[in-house]
Structure formats: structure tokens, C-alpha cells
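Reader: I would be grateful for a close look at one helix of this model and at the way its covered side is packed into the rest of the chain. Please set that part in its wider surroundings as well.

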Amino acid sequence: MKKGLLIILSGPSGVGKNCVRQEIMSMKKIDLTYSVSMTTREKRAKETDGVDYYFVSEEEFQKNIDNGNFLEWASFVGHRYGTPKDKVEALRNAGKNVFLEIEINGASQVMSKVHDDRVISFFLMPPSLNALEKRIRKRKTETEDIIQERLEKGRKEMTMTENYDHIIINDKVERAAQEIVDIIKSKMKKR
């Protein structure tokens, strides 16, 4: 059995990674397994533990760092996020195509650690900085200070596209998702 693909979707906070990922995962004609990340942040209203994230304490997160069980991890606006290495590798070794939706720092860590031809990376870009700001504000989950911090970080992150295989503009969720799926299907055919 061939090892499954590792598909990385990244981009600035608020660009719509979650919406695009959900659209991709809802498509019946592509077989992907979503990698659930671990975080120390509080669960938002419509999120489910073990589906959107594994919501854990700072102590539990630190145990995973100490045990080397993250492909990547990062701190952002006072919280930590990470991708459990053991779960991802078990899925890939079982032939599953694993989909990671992660922040840019985390994507860089994964791409520096996983060196095989079964990795494909996507950088999701907003159509403009104004569009990014509107998306962040529409969530109504952050204070003005956090919004400004996210926007400043987003400006810097939008200059880091050279590390990715593909740059996708998220002007419409359905279109961006379809473009990503078409590229993944092409890579799957080359197996």
C-alpha cells in the first residue's frame, strides 16, 4: 500500500481556511481525511471537541511537546496550536490522504520535517487586505487589539508564498475549494 498524501492548506488568519476546508471535505468525489489539530484556546460557539480541534489544557499541550508528538506547533495571540504527529503518520501509513489546515509558521515546520514526494502545499490568499479585514471582523470573536494584531501578521504572512507549491486566491469559497481539489486529484493520479 502506498503512503497517503499529506496536503497542507495554510494562509493568514481570517483568510477562510476553515470554510475552504469544509467545502473540500464535503465533496464526495475526493477521499481525504482531516487532521484535527490540538489547541489551548477556548472552544468557540459552533466548534466541537475532537472535530474542529482537540481542546486541551496548557499542561496537556506541554506534555505533547516534551514527548516530541507534534509535526508542528505554534503560539498565536496567547494560545498554542499543534498537529499530533502520531495520528497523521498512522493515517498516511494506512494509505489515507491527510489534509492539514494550519497557520503559516506550522506549515513551515511541517514542510521542513516531512521530506517526501507525497506532500502538496497550498497558500490561501485573500483577494485583498480589505477583504481579509472584513472576514476577521465578521466573525465578531476578537477585540480590536486582536483584530489589529491579526491584520499586521496577515500583511507579513502574505509575503511568504514562495515556500508553497500552489497559491490559491479565496475570492469565492466554492471556486477556491474546487481549484484545490483539481490539483489534489491530479497528484493522486500520479500515484
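Author: In this predicted model, helix α1 has four residues that count as buried, namely K17, V20, R21 and I24. These residues line one face of the helix, because they fall within an arc of 100° when α1 is viewed down its axis. The spacing follows a general rule: an α-helix has 3.6 residues a turn, so residues three or four places apart point the same way. The partners against which the buried residues of α1 pack are the strands β1, β2 (33–34), β7 and β8, together with helix α7.

The wider setting is the largest nonpolar core, which comprises 43 residues. Within this core, L6, I8, F122 and I184 have the most contacts. Helix α1 (17–26) is among the elements that give two or more residues to the core, and so are β1 (6–10), β7 (98–101), β8 (119–125) and α7 (173–189). Helices α4 (104–113), α5 (129–139) and α6 (144–157) also belong to that list. Leaving aside residues up to four places away in sequence, I184 touches L5, I7, I30, L32, F99 and F122. A second core, separate from this one, has five residues and includes Y53, F55, F76 and V77.

Helix α3 (residues 85–93) offers a parallel case for study. Its buried residues are V88, E89 and R92. They lie on the same side of α3, because the arc they cover around the axis is only 95°. The cover over these residues includes β1, β5 (70–76), β6 (79–84) and β7. Just after α3, G95 adopts a positive phi of about 85°.

Two of the strands that cover α3 deserve a further remark. β5 and β6 run antiparallel and are joined by six bridges, with S75 standing opposite R80 of β6. The two strands form a hairpin with two residues between them. V77 is located in the loop that links β5 to β6, and this residue has a positive phi of about 40° although it is not a glycine. β6 also pairs with strand β3 (residues 37–39), in the antiparallel sense and over two bridges; here T39 has Y81 of β6 as its bridge partner. Five of the six residues of β6 are buried, so that the strand is mostly covered.

Conventions
Residues numbered from 1 in each chain as written. Predicted model: local features only at pLDDT ≥ 70, side-chain atom pairs only at ≥ 80, totals over all residues. Heavy atoms only, no water. Core = buried A, V, L, I, M, F, W, Y, C linked by side-chain atoms within 4.5 Å. Buried < 20%, exposed > 50% of the residue type's maximum accessible area, 1.4 Å probe, protein only. Contact = heavy atoms within 4.5 Å. Arc of directions from axis to C-beta. Pairing = 2+ DSSP bridges.
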